[in-house]
Amino acid sequence: MTVLEGLPQFKKKGSHDGFYLEGSIKADWKRIKLPHLGWVRLEEAVPDGTVIKNVSVTRTADHWYVSFKVPHTPKQTTKTSESIGVDLGIKTLATLSNGTAGRPRTFQAVKPYKRNKRKLKLAQRRVSKKFIKGAKQQSKNYQKAQAKVARLHARIANIRGDALHKLTTHLVKNHSRIVIEDLNVRGMSKNHKLASAILDGGFFEFRRQLTYKAEWYGSEVAVADRFFASSKTCSGCGGKKAGLKLSERTYHCEECGLQIDRDLNAAINLSQYTVSYTGSACGAANNPTDYSGGVVMKQEANGSLDNHVQICVSLA
């Protein structure tokens with residue numbers, strides 16, 4: 001069935017529920033007054049003196065959230081190092097270049113989808129069994145089972161987001177320059193044996209959080225070229241291997257005899273990665289021929305930035 005142009009596209013209840021409100025909005029500790037709805041209880045307190053001009057109310061699983069903008073002044077932090085390379089992976093979420101050969105500095109992957117995969121499978125099976133084909137309205141038990149699946153999906157996303165927030169905040173607060181790889185996540189996910197583990201890591205979300213947090217804390221994010229051989233290159237002598245299997249977790253250099261953890265070797269190469277063009281993220285994207293070997297996103301702190309604050313609402 002083709003959709004004619006110009007016809008309205010109506011929202012479906014229960015799918016991407018949310019609405020936008022503006023007008024006379026007041027906040028009083030753990031409650032907020034919304035137009036047409038009145039006073040609504042909140043799970044978290046709103047700071048005194050907060051001026052709210054508009055809000056967005058959205059639903060995730062069976063929880064409602066209200067989000068609005070508040071003035072946010074980033075705090076400059078003392079950096080412990082100038083440059084650090086970050087190698088993302090499956091077994092370990094991130095390997096940092098400031099580790100040692102015997103003890104690499106790593107952040108373990110939480111793998112929330114893998115740990116909750118069986119629970120999700122059983123919950124989805126219960127939903128399928130309660131579904132009545134051809135019925136105009138499904139039963140209450142079906143709706144309860146469907147809500148349980150939604151809560152489980154939300155839990156998985158929250159666990160993944162929490163781990164990424166802790167990692168990215170640590171990086172931008174302690175390092176003035178962070179170098180990451182330009183990963184082809186779409187191409188990597190075509191490998192059906194590794195697709196689930198790759199997507200479970202949230203590599204794109206990691207880059208997104210790192211970019212805007214670097215602007216808050218005055219750090220610089222450099223993105224290495226997609227074809228930069230960080231894993232195949234020796235961090236000691238600069239020699240390059242013709243091939244490197246995924247099963248080889250220790251890098252052996254045939255030229256200088258260096259033996260080092262594969263991910264640590266890649267992270268050290270990233271920390272030493274240099275580019276000849278620096279500028280804003282937009283400038284780097286719009287001038288692909290003005291740099292040599294990669295893209296750099298220069299981030300400057302700005303005290304006038306606004307930060308989206310999301311607070312859980314408990315409807316009375």
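In this predicted model, the lining of the largest pocket draws at least two residues from each of S7, S8 and helix H7 (262-271). The pocket itself has a volume of about 950 Å³. Its lining runs to 30 residues, and those closest to the centre are Leu88, Met188, Ser231, Leu246 and Arg262. In terms of chemistry, the lining is made up of twelve nonpolar, seven polar and eleven charged residues.

Two of the elements behind that lining, S7 and S8, are also partners in a sheet. Strand S7 covers residues 81-88 and strand S8 covers residues 92-96. The two run antiparallel and are held together by three bridges, with Asp87 facing Thr95 across the pairing. Getting from S7 to S8 takes just a hairpin of three residues. S7 has another neighbour too: strand S10 (residues 175-181) lies parallel to S7, and four bridges join them. Here Ser81 is found opposite His175. As a rule, side chains in a regular strand alternate between the two faces of the sheet.

The second largest pocket comes in at about 790 Å³. Of its 21 lining residues, Gly14, Asp17, Arg59, Ala61 and Gln146 sit closest to the centre. Strand S5 (54-60) and helix H3 (140-174) are the elements that put two or more residues into this lining. H3 is the top contributor, with seven residues. The mix here is four nonpolar, nine polar and eight charged residues.

S5 turns up again in the strand pairing, where it has S1 and S6 as partners. Five bridges connect S1 and S5 in an antiparallel arrangement, and Glu22 stands across from Asn54. S5 and S6 are likewise antiparallel and joined by five bridges, with Ser56 opposite Ser67. These two strands make a hairpin with two residues between them. One turn residue, Ala61, has a positive phi of about 55 degrees; Ala61 is also among the residues closest to the centre of the second largest pocket.

Positive phi values crop up at two loop residues as well. Trp29 has a phi near 55 degrees, positive even though the residue is not a glycine. Trp29 belongs to the loop between strand S2 (26-27) and strand S3 (31-34). Since its relative accessible area is 52%, Trp29 counts as exposed. His36, another residue that is not a glycine, has a positive phi of about 75 degrees. The loop that holds His36 runs between S3 and strand S4 (38-42). With a relative accessibility of 80%, His36 is exposed too.

Turning to the aromatic rings, the structure holds four aromatic pairs. One of them is Phe19 with Trp64, a tilted pair with 6.4 Å between the ring centres and 50 degrees between the planes. The tilted label applies because 50 degrees is neither under 30, as stacked rings would need, nor over 60, as edge-to-face rings would. The two residues come from distant parts of the chain: Phe19 is in strand S1 (residues 18-22) and Trp64 in strand S6 (residues 63-71), 45 residues apart. Phe19 is partly exposed because its relative accessibility is 35%, which falls between the 20% limit for buried and the 50% limit for exposed. Trp64 is also partly exposed, at 22%. So S1 and S6, each of which pairs with S5, also meet through this pair of rings.

Rings have charged company in places as well. The charged end of Arg31 is placed over the ring of Trp39, 3.9 Å from the ring centre. A second case involves Lys241, which lies over the face of Tyr251 at 5.0 Å from the centre of the ring.

Key: Residues numbered from 1 in each chain as written. Predicted model: local features only at pLDDT ≥ 70, side-chain atom pairs only at ≥ 80, totals over all residues. Heavy atoms only, no water. Pairing = 2+ DSSP bridges. Phe/Tyr/Trp six-rings, centres within 6.5 Å; stacked < 30°, edge-to-face > 60°. Buried < 20%, exposed > 50% of the residue type's maximum accessible area, 1.4 Å probe, protein only. Lys NZ or Arg CZ within 6 Å of the ring centre and 35° of its normal. 1 Å grid on protein atoms, 1.4 Å probe; cavity = no way out; pocket = protein on both sides within 12 Å on 5 of 7 lines; lining within 4 Å. Points joined across faces, edges and corners; volume = space filled by probe spheres on them. Nonpolar A, V, L, I, M, F, W, Y, C, P; charged D, E, K, R; others polar.
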